[in-house]
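Biologist: I should like to go through the reasoning behind the charged contacts, step by step. Please begin with the criterion.

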Amino acid sequence: MTLPNLITIGRLFLVPLVIVMILNGRWQGAFIVFVVAGVSDAIDGYLARNCGMASELGAYLDPIADKALIVSIYITLAMVGAVPSWLVVLVVSRDIMIISAVILSWVMGKPLAISPFVVSKLNTGAQVIFAALVLGSRAFGVDPGQAIEVGQLFVTLLTVGSMTAYLAFWLRHMAA
């Protein structure tokens with residue numbers, strides 16, 4: 001058990017906290033917890049990569065914690081009407097598609113090792129920035145103007161692009 005893994009586990013414990021805060025309209029608290037989670041992700045990644053603390057467990061835990069946070073926040077934001085449901089369906093569908101493809105490949109005896117594509121990293125960044133924009137605008141009573149629509153557009157395009165890239169990669173792998 002490495003320090004980065006402990007930080008990642010701590011991030012998992014922040015997920016229910018931020019969900020409850022959003023559901024109870026405690027936007028400033030939710031924004032702060034979300035920022036703390038983001039900073040913890042950067043810290044555990046830095047420690048793992050640059051301080052010789054990378055581990056196999058961390059390689060699995062970190063993306064699980066990231067997805068738990070993002071998917072939970074998007075679903076909860078849709079539940080309170082802060083983001084459109086269609087966007088959440090798109091974001092969650094992409095993750096389900098990727099997980100299903102990995103499991104199906106494994107079941108069919110063609111295990112698939114996936115590492116993030118550039119479009120996937122951009123997608124994750126856009127999803128995080130958009131969630132922070134929604135949380136921050138509500139937390140501090142700031143009218144984001146057109147930034148919400150622009151953020152939705154970026155998240156939509158990058159999510160579809162990422163889905164397409166992973167699907168093409170998986171289809172090539174399965175055909176080989």
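Modeller: A salt bridge requires a side-chain nitrogen of Lys or Arg within 4 Å of a carboxyl oxygen of Asp or Glu. The model examined here is predicted.

Biologist: What makes the contact of Arg-11 and Asp-66 a salt bridge?

Modeller: The N to O distance between their side chains is 3.2 Å, and the cut-off is 4 Å, so the pair qualifies. Arg-11 belongs to helix 1 and Asp-66 to helix 3, so this contact ties together parts 55 residues apart in sequence.

Biologist: Why is the pair of Arg-11 and Asp-44 called a salt bridge?

Modeller: For Arg-11 and Asp-44 the N to O value is 2.5 Å; the limit is 4 Å, and therefore the term applies. Because Arg-11 lies in helix 1 (residues 3-23) and Asp-44 in helix 2 (residues 27-50), parts that are 33 residues apart in sequence are tied together.

Biologist: How do you know that Asp-62 forms a salt bridge with Arg-11?

Modeller: Their closest N and O atoms are 2.6 Å apart, and a separation within 4 Å is what the definition demands, so the pair is accepted. This pair links distant parts of the chain, with Asp-62 in helix 3 (residues 56-79) and Arg-11 in helix 1, 51 residues apart.

Biologist: Why does Arg-11 count as buried?

Modeller: Its relative accessibility is 1%; buried means under 20%, so Arg-11 meets the condition. Asp-44 is buried as well.

Biologist: Which residues are linked in a network of salt bridges?

Modeller: The network comprises Arg-11, Asp-41, Asp-44, Asp-62 and Asp-66. The structure holds 6 salt bridges.

Key
Residues numbered from 1 in each chain as written. Predicted model: local features only at pLDDT ≥ 70, side-chain atom pairs only at ≥ 80, totals over all residues. Heavy atoms only, no water. Helix = DSSP H or I, 4+ residues; strand = E, 2+ residues; numbered from the N terminus. Buried < 20%, exposed > 50% of the residue type's maximum accessible area, 1.4 Å probe, protein only.
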